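This briefing introduces one structure to a reader who has not met it before. Please view the sequence and the model together before turning to the points below.

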Amino acid sequence: MDEVLTLEELAAYLKVSETTAYALVRSGDIPGRKVGREWRFLKARVVEWLMQAGGEDMEQQSGVVQRDEHGGEYKVEGGREYVAMWLPLTREEKAAQLDKAAREGVNVSELVADYLKRWAQA
């Protein structure tokens, strides 16, 4: 029989906080199963997951910023890919956009998208 770990034992085994272990579980990175209200993990599957992270699947490692074939930066979190984008603005312009978002109570991403649309049309 394979050893079964609780969430607390998983965190101790990975040498991370329980919060971090739970985030990995919720994102689907670590294979586990809910039994009643508790999470359980097969130690062999956790070891398999750890070995994958250092092997061929390194580019899919969650939360790690990597470079694509064009030199762009990206990371994968919770099964979604996020790309980094260099914006055509100075740090002062960025600070002004952040201040504007805070003042107007709007999402910074929306302001950046509007800024890029205006920049592309210029």
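Leaving aside neighbours within four places in sequence, Leu7 is in contact (heavy atoms within 4.5 Å) with Ala21, Tyr22, Val25, Trp39 and Phe41. The model is predicted, with local features needing pLDDT of at least 70 and side-chain atom pairs counting only at pLDDT 80 or more, while totals for chains, interfaces and linings use all residues. Residues are numbered from 1 along each chain as its sequence is written, and side-chain values use heavy atoms, leaving out hydrogens and water.

**Nonpolar core**

- The largest nonpolar core (buried Ala, Val, Leu, Ile, Met, Phe, Trp, Tyr and Cys residues joined through side-chain atoms within 4.5 Å; buried means under 20% relative accessible area with a 1.4 Å probe, protein chains only) has 13 residues.
- Leu7, Leu10, Leu14, Val25, Ile30, Phe41 and Val46 have the most contacts inside this core.
- At least two core residues come from each of helix 1, helix 2 (18-26), strand 3 and helix 3 (43-53); helices (H or I, at least four residues) and strands (E, at least two) are DSSP runs, numbered from the N terminus.
- Helix 1 gives the most to this core, with four residues.

**Sheet**

- Three strands form an open sheet in the order 1-3-2, with antiparallel pairing; two strands pair if DSSP finds at least two bridges between them.
- Strand 1 (4-6) and strand 2 (33-35) are at the edges, each with a single partner strand, so one side of each has no neighbour in the sheet.
- Strand 2 and strand 3 (residues 38-42) run antiparallel and are joined by three bridges.
- Lys34 stands opposite Trp39 in strand 3.

Key:
Buried means under 20% relative accessible area, exposed over 50%, partly exposed in between (1.4 Å probe, protein chains only).
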